[in-house]
Amino acid sequence: MNTKITSKKAAQQAFEREFATLACALNPSSVFYSGYQFVRQKIQLNGGEPFLAYIAHDNPQQNTMVVPVDPEKHGKPDIVDFKSVHVIKEVNSPAEAVTAFVMEFGCLARILNPASPDYMGFRFRQKTIAVDGEEFKAFIANSADKKITFVVPVDGTVPTIHDYHEVTLVERKK
């Protein structure tokens, strides 16, 4: 497959070419994966480099079918664990930052702050920051003791937790 995938139908066909036998075995009542709806999303697999792909989840949400838009750059269609797929959505508000963070670190949220439901006690604010020499815009919140900084990039990539001193605010020149 050397061409870019430009539609849901092309994604369906590319996936069927790759997994025709497996598709029939997993869902014998439908012709290949015709019962699944492929949607175009920007995703990350296991925290890797973000890329555009057509994806479809199986009904029990255990597997995700991934058809990269650019198969030459991002590989051929694949079936991956549902939990390893992170759908990237822009984060535009502190409330969305909290939601994105809780989705990524839900269990950890309660361990670090059991008195606060899902980090609702933290105030996320949008700043331009630098982490490991890389500058980007993110919503950040600090723990009360200023030991931990919670970072939710505005581009929707995976939220992270850093030592307070690892995150530097970038001052804008006026």
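Let me start with salt bridges: a search of the whole structure, which is a predicted model, finds one. The two partners are K4 and D70, whose side chains meet at 3.9 Å, counted from N to O. K4 sits in the segment before α1 (8–26), while D70 belongs to the loop between β3 and α2 (71–74), so this pair ties together parts of the chain that are 66 residues apart in sequence. As general background, side chains of opposite charge can pair when their charged atoms come close. The two ends of this bridge do not have the same surroundings, because K4, at 54% relative accessibility, counts as exposed, whereas D70, at 15%, counts as buried.

From D70 we can step back to strand β3, residues 63–68, which is mostly covered, with five of its six residues buried. What does β3 pair with? On one side there is strand β2, residues 51–57, which runs antiparallel to β3 and is joined to it by five bridges; within that pairing, Y54 stands opposite V67 of β3. These two strands form a hairpin with five residues between them, and in the turn Q61 has a positive phi of about 55 degrees. There is also strand β4, residues 78–81, again antiparallel to β3 and joined to it by four bridges, where V66 has D78 in β4 as its bridge partner.

If we put these strands into their wider setting, we arrive at an open sheet of five strands in the order β4-β3-β2-β1-β5, with antiparallel pairing. Its edges are formed by β4 and by β5 (85–87), each of which pairs on one side only. On average, and ignoring direction, neighbouring strands of this sheet are turned by 50 degrees against each other.

Strand β1, residues 39–45, brings me to a residue that I would like to look at in some detail, namely Q44, which lies in this strand. Is Q44 buried or exposed? Its relative accessible area is 5%, and because the cut-off for buried is under 20%, Q44 counts as buried. As for its polar partners, a polar atom of the Q44 side chain lies 2.9 Å from the backbone oxygen of G48, and the side chain also reaches the backbone nitrogen of V158, at 3.3 Å. Leaving aside neighbours within four places in sequence, Q44 is in contact with a set of residues that includes E49, P50, S84, V85, H86 and I88, and also T157 and V158.

Let me turn, finally, to the later part of the chain and to strand β8, residues 148–153, which is largely enclosed by the rest of the structure, because five of its six residues are buried. Strand β7, residues 134–142, is joined to β8 by five bridges and runs antiparallel to it, with I140 standing opposite V151 of β8. The two strands form a hairpin with five residues between them, and K146 in that turn has a positive phi of about 55 degrees. V151 also stands opposite T160 in β9, and this belongs to the pairing of β8 with strand β9, residues 160–163, which is antiparallel and extends over four bridges. Here the hairpin has six residues between its strands, and G156 takes a positive phi near 85 degrees.

Notes
Residues numbered from 1 in each chain as written. Predicted model: local features only at pLDDT ≥ 70, side-chain atom pairs only at ≥ 80, totals over all residues. Heavy atoms only, no water. Buried < 20%, exposed > 50% of the residue type's maximum accessible area, 1.4 Å probe, protein only. Polar contact = N/O pair within 3.5 Å; in protein donor to acceptor, adjacent residues only side chain to side chain. Contact = heavy atoms within 4.5 Å. Pairing = 2+ DSSP bridges. Salt bridge = Lys/Arg side-chain N within 4 Å of Asp/Glu carboxyl O. Axes fitted to C-alpha atoms, helices over the stretch in contact; angles between N-to-C directions.
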